[in-house]
Amino acid sequence: PVSTDGLHAKLPFPFGAAVNVNLIRNNAQYRNLVAKEMNSITAENAMKPAALHPSKDLYVWNDADYLVEFAKQSGKRVHGHTLIWHQSLPAWLENYNGTPAEFEQIFKTHIQTIVSHFKGKVASWDVVNEAFENEGGTLRNSVWRRILGDDYIARAFQYAHEADPAALLFYNDYGHEYGPTKRNAIINLVNSLKARGIPIHGIGMQMHTRYNQSDANLTAAITTAASTGLKVHISELDISMNPEKTQGIMLTPATAQLQATRYKFIVKAYNGIPKEQQFGITTWNVTDGDSWVPGFNGAPDWPLPFDKNYQPKPAYQGIIEGV
Ligand code: XIL
């Protein structure tokens, strides 16, 4: 059964986190915190191509199935992440050099095998992740685009929809809050898929952001995504308190408070979009102790609402105050 006293219970939309399967398995404090505070989970890595599809004829389900079972036992939604991405690819896909026709078949089978395996258990998917370059509005030259052409994105949605017509299908990316160039490129893609009748139901904005991102950029990201009329998922939220990557600094009560005001601002803006478009908010990781940010940035950081001792931070209260 779903917990009734956690953070999610204080919010009018689903609230969750990206979780690490090994920590769910082996760390009771972590597992109990997720069980109590969240009603939605995303696999941090366990549903990526490298994990599920390590070689052409081999799919490995153990970790992902374990998460799905944990979610079932504790009454949580599972959001699937991610079918098609340029990263976390097994070498055989990343270095593929057969014919486009063969690769199209591999692409279709990859998507449909995974979606079918989780049919009835995973009701939503990030179908394509990060198709655009870091900045600017051009498509990345991933192996998918190089061999299959720009329209691989539309076909990925069609193939996923064939495998599970009931699943909600998302386009997920980051940088909506960087400014208009990348944001508009993403929104134009999504709107054009919609206009063509491609089965797309949601837009995921990762929102790996920083304490000093402007109110205007955060608001524009959220309201522009909502303007598509699709469901909006803040899919990978974390707020860096050290985007300058300074070594040897610590989180102070004052900076923790500043972080709370940023979480509150984002939740408030999100809560302002129409109810039926609120798919939910997911943080990327659970506590400051398991956040990917310090490793990625190579600098200390505290991006999440829980500290490394599994205790709520001021950001936790900020999230509640946002609604
Ligand atoms: C990250 C994980 O957190 C890391 O453990 C892994 O090494 C790389 O991927 N955008 C995404 C996520 O869509 O899948 C990424 O997750 C973070 C950035």
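**View 1. Strand β9 and its two neighbours.** Strand β1 (residues 15-19) is joined to β9 by 3 bridges, and the two run parallel. The model shown here and in the other views is predicted. Within the pairing of β1 and β9, Phe-15 has Ile-281 as its bridge partner. Strand β8 (residues 231-240) is also joined to β9, by 4 bridges, and this pair runs parallel too. Here the bridge partner of Ile-234 is again Ile-281 of β9. Ile-281 is thus a bridge partner of Phe-15 and of Ile-234. Strand β9 covers residues 278-283, and 6 of its 6 residues are buried.

**View 2. The crossover from β8 to β9.** Strand β8, helix α11 (residues 253-271) and strand β9 form a β-α-β unit, which is right-handed. The two strands of this unit are parallel and share 4 bridges. Lys-245 lies in the loop between β8 and α11. Its phi is positive, about 60°, although Lys-245 is not a glycine. Lys-245 counts as partly exposed because 13 other C-beta atoms lie within 10 Å.

**View 3. Strand β5 between β4 and β6.** Strand β5 (residues 168-173) is mostly covered, with 5 of its 6 residues buried. It is joined to strand β4 (residues 124-129) by 5 bridges, and the two run parallel. In this pair, Asp-126 stands opposite Phe-170 of β5. Strand β5 is also joined by 4 bridges to strand β6 (residues 202-205), again in parallel. Asn-172 stands opposite Gly-204 of β6. Helix α9 (residues 180-195) takes part with β5 and β6 in a right-handed β-α-β unit.

**View 4. The loop after β4.** Glu-130 is found in the loop between β4 and α7 (143-148). Phi of Glu-130 is near 55°, a positive value in a residue other than glycine. Is Glu-130 buried or exposed? Glu-130 is buried, because 20 other C-beta atoms lie within 10 Å, and a residue counts as buried at 20 or more.

**View 5. The shell around the ligand.** The residues that surround the ligand are Glu-44, Asn-45, Asn-129, Gln-206, Glu-236 and Trp-292. By type, this shell divides into 1 nonpolar, 3 polar and 2 charged residues.

**View 6. The largest nonpolar core.** This core has 82 residues. Those with the most contacts inside the core are Val-34, Leu-67, Val-127, Ala-156 and Ala-160. Helix α8 (residues 152-163) supplies the largest share of the core, 7 residues.

**View 7. Val-34 and helix α2.** Which residues of helix α2 are buried? In this helix (residues 28-37) they are Tyr-30, Leu-33, Val-34, Ala-35 and Glu-37. An α-helix has 3.6 residues a turn, so residues three or four places apart point the same way. The buried residues of α2 pack against β1, α1 (21-26) and β2 (40-43). Leaving out residues up to four places away in sequence, Val-34 touches Ala-17, Val-19, Ile-24, Ile-41 and Val-286. Val-34 is also among the residues with the most contacts inside the largest nonpolar core.

**View 8. Two exposed residues, Lys-72 and Ser-227.** Lys-72 lies in helix α4 (residues 62-73). Why does Lys-72 count as exposed? Lys-72 has 11 C-beta neighbours inside 10 Å, and a residue is exposed if the number is 12 or fewer. Its C-alpha atom is separated by 8.4 Å from that of Lys-121, although Lys-72 and Lys-121 are 49 residues apart along the chain. Ser-227 is found in the loop between α10 (215-226) and β8. Ser-227 also counts as exposed, because it has 12 C-beta neighbours inside 10 Å. The C-alpha atoms of Ser-227 and Asn-191 are separated by 9.6 Å, and these residues are 36 apart along the chain.

**View 9. A cis peptide bond at strand β3.** The peptide bond that joins His-81 and Thr-82 is cis. Omega of this bond is about 0°. Thr-82 has its place in strand β3 (residues 77-84).

Notes
Residues numbered from 1 in each chain as written. Predicted model: local features only at pLDDT ≥ 70, side-chain atom pairs only at ≥ 80, totals over all residues. Near = placed C-beta within 6 Å. Nonpolar A, V, L, I, M, F, W, Y, C, P; charged D, E, K, R; others polar. Core = buried A, V, L, I, M, F, W, Y, C linked by C-beta atoms within 7 Å. Contact = placed C-beta atoms within 7 Å. Pairing = 2+ DSSP bridges. Right-handed = clockwise from strand over helix to strand, strands pointing away.
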